[in-house]
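The following exercises are to be worked through with the sequence and the three-dimensional structure at hand. Each task is followed by a solution in steps.

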Amino acid sequence: MKLFQGYSKNIFFILLFILCGINSHAQESEKKIVFKTLEDIEIGDDNFFTVVMQLENISKDTINARLVLEKPGTIRSYSQDNLIIKLNPLKKAFIPLKFSINKQQAAGNLNLRFQIIDNKTNQNLATSSTKIKVDYKKDLKIFPIQSNILYRQEGDSIHYQLKVVNKGNQTEKVLITNVIPDFKGAFFTTNKRLEINAFEEKII
């Protein structure tokens with residue numbers, strides 16, 4: 001009896017393995033489309049960029065689908081929403097999509113996600129992602145608020161302001177050194193450390 005039970009268990013696992021293999025093969029055979037985009041795009045001085053979608057219909061049926069795009073709010077798409085895609089059997093297509101990125105986007109990485117959705121079944125046929133790398137841009141300027149300061153005699157206190165403008169896309173830590181003359185022909189210095197965020201102005 002125990003021998004029969006052991007034999008039955010072996011048969012069960014063999015059948016389960018075969019069924020899983022058949023199911024896996026069926027899922028692979030259902031793949032209709034090969035879809036890819038460029039993995040990485042680097043953004044420098046130009047805020048405009050293009051992503052080319054490469055599609056290939058590897059089935060014997062015409063594909064009628066639409067593009068669903070997921071993107072950050074700082075990236076603007078110049079292509080139509082829910083772009084319609086029709087691809088005949090065993091044919092390829094190359095579709096360029098134009099984008100721009102907000103000039104005030106901080107340095108770092110963003111992600112674009114492209115999904116090809118079947119119009120009839122709403123099934124996700126394929127997905128591809130493109131990483132957008134925004135390069136570091138340094139643009140830091142310092143301006144005096146008063147162009148001239150009246151210094152009457154030794155011992156007078158001086159109060160003046162500077163405007164610090166960070167037009168770059170990353171937080172900057174800076175050291176500002178003031179060089180002030182005295183009435184003896186010498187100079188003395190004072191230092192001030194400052195942290196200023198991207199696209200921020202400060203008065204010090």
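A pocket is an open set of grid points where a 1.4 Å probe fits, with protein on both sides within 12 Å along at least five of seven lines. The model examined here is predicted.

**Exercise 1. The largest pocket**

Task: State the volume of the largest pocket, and classify the residues of its lining.

Solution.
Step 1. The volume of the largest pocket is about 160 Å³.
Step 2. The residues that line it include Lys32, Ser59, Asp61, Asn64, Asp118 and Lys120. Thr62, Ile63, Asn119, Thr121 and Leu125 also belong to the lining.
Step 3. Asp and Lys count as charged, Ile and Leu as nonpolar, and Ser, Thr and Asn fall among the polar residues.
Step 4. The lining therefore divides into 4 charged, 5 polar and 2 nonpolar residues.

**Exercise 2. The sheet**

Task: Determine which strands stand at the edges of the sheet of 4 strands, and explain what this position entails.

Solution.
Step 1. The sheet is open, its strand order is 1-3-7-5, and its pairing is antiparallel.
Step 2. The edges are formed by strand 1 (33-36) and strand 5 (75-77). Each has a single partner strand, so one side of each lacks a neighbour in the sheet.
Step 3. From one strand to the next, the twist averages 30°.
Step 4. The partner of strand 5 can be followed in detail: strand 5 pairs with strand 7 (residues 92-101) over 3 bridges in the antiparallel sense. Arginine 76 has serine 100 in strand 7 as its bridge partner.

**Exercise 3. Aromatic pairs**

Task: Of the 3 aromatic pairs, examine that of phenylalanine 48 with tyrosine 78 and that of phenylalanine 49 with phenylalanine 99. Are the residues buried or partly exposed?

Solution.
Step 1. The rings of phenylalanine 48 and tyrosine 78 lie 6.0 Å apart, centre to centre, with 35° between the planes; the pair is tilted.
Step 2. Phenylalanine 48 belongs to strand 3 (residues 48-57) and tyrosine 78 to the loop between strand 5 and strand 6 (84-87), so their pair connects parts 30 residues apart in sequence.
Step 3. Phenylalanine 48 has 43% relative accessibility and counts as partly exposed; tyrosine 78, at 37%, is also partly exposed.
Step 4. For phenylalanine 49 and phenylalanine 99 the ring centres are 5.4 Å apart and the planes are at 15°, so this pair is stacked. It links strand 3 with strand 7, across 50 residues.
Step 5. Both phenylalanine 49 and phenylalanine 99 are buried. Together with Phe114, Phe49 and Phe99 form one aromatic cluster.

Conventions. Residues are numbered from 1 along each chain as its sequence is written. This is a predicted model: local features need pLDDT of at least 70, side-chain atom pairs count only at pLDDT 80 or more; totals for chains, interfaces and linings use all residues. Side-chain values use heavy atoms; hydrogens and water are left out. Two strands pair if DSSP finds at least two bridges between them. Helices (H or I, at least four residues) and strands (E, at least two) are DSSP runs, numbered from the N terminus. Axes are lines fitted to C-alpha atoms, for helices over the stretch in contact, and angles run from 0 to 180 degrees between N-to-C directions. On a 1 Å grid over the protein atoms alone, a cavity is a set of points where a 1.4 Å probe fits but cannot get out, and a pocket is an open set with protein on both sides within 12 Å along at least five of seven lines; lining residues have an atom within 4 Å of a point. Grid points are joined across faces, edges and corners, and a volume is the space filled by probe spheres set on the points. Rings of Phe, Tyr and Trp (its six-membered ring) pair if their centres lie within 6.5 Å; planes under 30 degrees apart count as stacked, over 60 as edge-to-face and the rest as tilted. Buried means under 20% relative accessible area, exposed over 50%, partly exposed in between (1.4 Å probe, protein chains only).
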